[in-house]
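Trainee: Please take a close look with me at one helix-to-helix contact in this structure, and then show me what surrounds it. I would like one connected account rather than a list.

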Amino acid sequence: MRILIVKLSSIGDVVHTLPAAALLRRAMPGAHISWVVERRASEILKGSPAIDELIEIDTRAWRKKALSKETLADIRSKLGRARSGPSTNGAKAAQIDVAIDFQGLIKSGIVTLATGAARRIGFETGELREKASRVFLSEQVATSHEKHVIEKNIALARSVIEGEPSGETRYEFPIHVSPEDDEYAEKIIARIQSPFAIINPGGGWPTKLWATDRYGEVADWLSSERKMKSIVTFGPGEERMAEAVAASSQSGSAQPAASTLKQYVALARRASLFVGGDTGPLHLAAASGTPIVGIYGPTSPERNGPFDDKDIAIGRDLWCRTDCHRRSCWHWECMDIPVSEVVEAISSRLSKC
C-alpha cells in the first residue's frame with residue numbers, strides 16, 4: 001500500500017503528526033509512506049524512520065512567482081511525485097492508494113486531491129481549519145470527541161489500519177538526530193558545566209509572547225534557587241529577543257544559543273526543564289521528554305499543550321480566550337502572567353522529576 005501524509009506546516013503541527021506516522025509504520029511495516037511538507041518545516045522529518053519519502057514544497061515561493069515557468073515546472077514535478085512517488089529501476093511507480101490530510105486547509109486539500117488517490121481522508125467538517133476543504137475529501141473521520149490534536153491525528157491514522165484497536169496508543173516521535181547534532185549539544189553543555197533549562201522566548205505570533213525581562217527574572221530564580229543555568233534558544237529573526245532575555249538576567253546565567261532544529265532536539269533531550277510559549281520548540285521539547293512549563297495565551301493547552309500529565313501549562317481564563325487564536329489583539333491580558341506564578345509552576349514541575 002502507498003500512503004501519503006499531507007501536513008505542510010508549522011513545526012509544532014508537524015511534530016504533533018509524527019505519532020500518527022509512527023502508528024502507520026508500526027501497524028503497516030510494508031507500506032510505502034510519503035509526506036508532503038513545506039520546505040521551511042521539513043528539517044525535523046529528514047531521516048525519520050517513519051517515512052520512506054519526503055516531498056518538500058514551497059507554496060510561498062509559488063505565490064510570489066505564480067505564473068513563471070520555473071514555478072509551474074516545480075508544481076508539476078512536486079505534485080507528480082505526490083501522485084505516484086518515484087520510479088524504481090525505470091518502472092513507473094504505483095499510484096497513491098490513500099492520502100491523509102492532517103492540515104484541513106484548502107491548499108492541503110488541493111494537494112490531497114492532486115494525488116488522485118481513491119481514498120482521501122480528513123477531519124470532520126467542524127474540525128477543519130478551512131471548512132471548504134471538505135470538498136477535496138472522500139472520507140471524513142469523527143474527531144471532535146478528542147481533546148488533544150495528537151489524538152485527533154491518530155484517529156485519522158487508525159481509519160486506514162484494518163483491525164487497529166481503538167484503545168490507548170503510545171506517542172512515538174521518530175526524529176533522527178545525527179552524531180554531529182549530539183556533539184554540538186555536548187559542546188554547549190561542557191561550557192555550562194551545570195544542569196540547565198531551556199528558555200525559549202519566541203512564539204511566532206505577537207500574542208504568544210511573554211515579556212523578555214520576565215524570562216530574565218526566571219533565569220535568575222533558576223540560578224539562585226535551583227543552581228541551574230539557562231540556555232536561551234531562538235529561531236530565525238528572534239536573536240534580539242534571546243539577547244534581551246540574557247541582558248535582563250542580573251545573574252548572567254542566561255546564555256543565547258543558536259541551533260538547527262535537530263541540534264535543538266539534541267539539547268532538549270539533555271535539558272532538565274523547558275520554559276516557553278506555545279511554539280515549535282515547546283512541542284519538540286515535549287517530544288524529547290523534557291519537563292515543561294508552558295506559558296499559554298491565545299491558544300488552548302488542552303488541544304496544543306504538552307501531553308505529559310506532569311507537565312504544567314499556565315494561562316489566564318479570560319472572557320475572550322475561548323477559541324481565540326488571534327495573531328494580533330488590542331490587549332495583552334492573557335499573557336500578563338506574573339513571574340511568581342511561573343516560578344511556582346517550575347517548582348511544582350521539578351518536584352515531579
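Mentor: Happy to! Start with helices H1 and H5: H1 passes H5 in a right-handed crossing. Please keep in mind as we go that this is a predicted model. H1 covers residues 11-27 and H5 covers residues 149-158; their axes lie 8 Å apart and make an angle of about 30°. Angles under 35 degrees count as roughly parallel, and therefore H1 and H5 are roughly parallel to each other.

Now look at the side of each helix that takes part. From H1 the contact draws on His16, Thr17, Pro19, Ala20, Leu23 and Leu24, while H5 brings Val149, Ile150, Asn153, Ile154, Ala157 and Arg158. Sorted by character, the residues of this contact are eight nonpolar, three polar and one charged.

Next, step back along the chain from H1. The loop between strand S1 (2-6) and H1 holds Ser10, and the peptide bond from Ser9 to Ser10 is cis, with omega near -10°. If you set up restraints or check backbone geometry, that is the bond to look at in this loop.

S1 itself leads us to strand S2. The two strands pair in the parallel sense over five bridges, and one pair you can pick out on screen is Val6 with its bridge partner Val36 in S2. S2, residues 32-38, is mostly covered, with seven of its seven residues buried. In a regular strand the side chains alternate between the two faces of the sheet. In S2, both faces are covered: one side has His32, Ser34, Val36 and Glu38, the other has Ile33, Trp35 and Val37, and all are buried.

A second helix pair makes a good companion to the first. Two packed helices are described by the angle between their axes and the distance between the axes. For H7 and H12 the angle is about 40° and the axes are 10 Å apart, which makes H7 oblique to H12. H7 passes H12 in a right-handed crossing. On the H7 side the contact uses Arg214, Glu217, Val218, Trp221, Leu222 and Arg226; on the H12 side it uses Val339, Val342, Val343, Ile346, Ser347 and Leu350. These residues divide into eight nonpolar, one polar and three charged.

H7 (212-226) is followed by a loop that runs to strand S8, and Lys227 is found in it. Lys227 has a positive phi of about 50° although it is not a glycine. With a relative accessible area of 61%, Lys227 is exposed. Gln193 is another residue to check on a Ramachandran plot: its phi is near 55°, a positive value in a residue other than glycine. Gln193 sits in the loop between H6 and S7 and is exposed, at 70% relative accessible area.

On the other side of H12 in sequence, the loop between S12 and helix H12 (339-350) includes Arg327. At 53% relative accessibility, Arg327 counts as exposed, because exposed means over 50%. Leaving aside residues up to four places away in sequence, Arg327 touches Trp205, Pro206 and Thr207. To get a feeling for the span of the model, compare Arg327 with Gly30: they are 297 residues apart along the chain, and their C-alpha atoms are separated by 42 Å.

That brings us to the sheet these loops feed into. Strands of a sheet pair through backbone hydrogen bonds, either parallel or antiparallel. Here six strands form an open sheet in the order S9-S8-S7-S10-S11-S12, with parallel pairing. S9 (254-257) and S12 (312-314) stand at the edges with a single partner strand each, so one side of each is left without a neighbour in the sheet. On average, neighbouring strands of this sheet are turned by 20° against each other, direction ignored.

At the S9 edge, S8 (residues 229-233) pairs with S9 in the parallel sense over four bridges, and the bridge partner of Thr233 in S9 is Ala257. Helix H6 (residues 179-192) packs on the sheet and touches S7 (196-200), S8 and S9, its direction making about 140° with that of S8. Helix H10 (residues 280-287) also packs on the sheet, touching S7, S10 (273-277) and S11 (292-295), with its direction at about 150° to that of S10.

Terms used
Residues are numbered from 1 along each chain as its sequence is written. This is a predicted model: local features need pLDDT of at least 70, side-chain atom pairs count only at pLDDT 80 or more; totals for chains, interfaces and linings use all residues. Side-chain values use heavy atoms; hydrogens and water are left out. Two strands pair if DSSP finds at least two bridges between them. Axes are lines fitted to C-alpha atoms, for helices over the stretch in contact, and angles run from 0 to 180 degrees between N-to-C directions. Contact means heavy atoms within 4.5 Å. Angles under 35 degrees count as roughly parallel, over 145 as roughly antiparallel, 65 to 115 as roughly perpendicular and the rest as oblique. A crossing is left-handed if the near helix is turned anticlockwise from the far one by less than a right angle, and right-handed if clockwise. Ala, Val, Leu, Ile, Met, Phe, Trp, Tyr, Cys and Pro count as nonpolar, Asp, Glu, Lys and Arg as charged, and the others, Gly among them, as polar. Buried means under 20% relative accessible area, exposed over 50%, partly exposed in between (1.4 Å probe, protein chains only).
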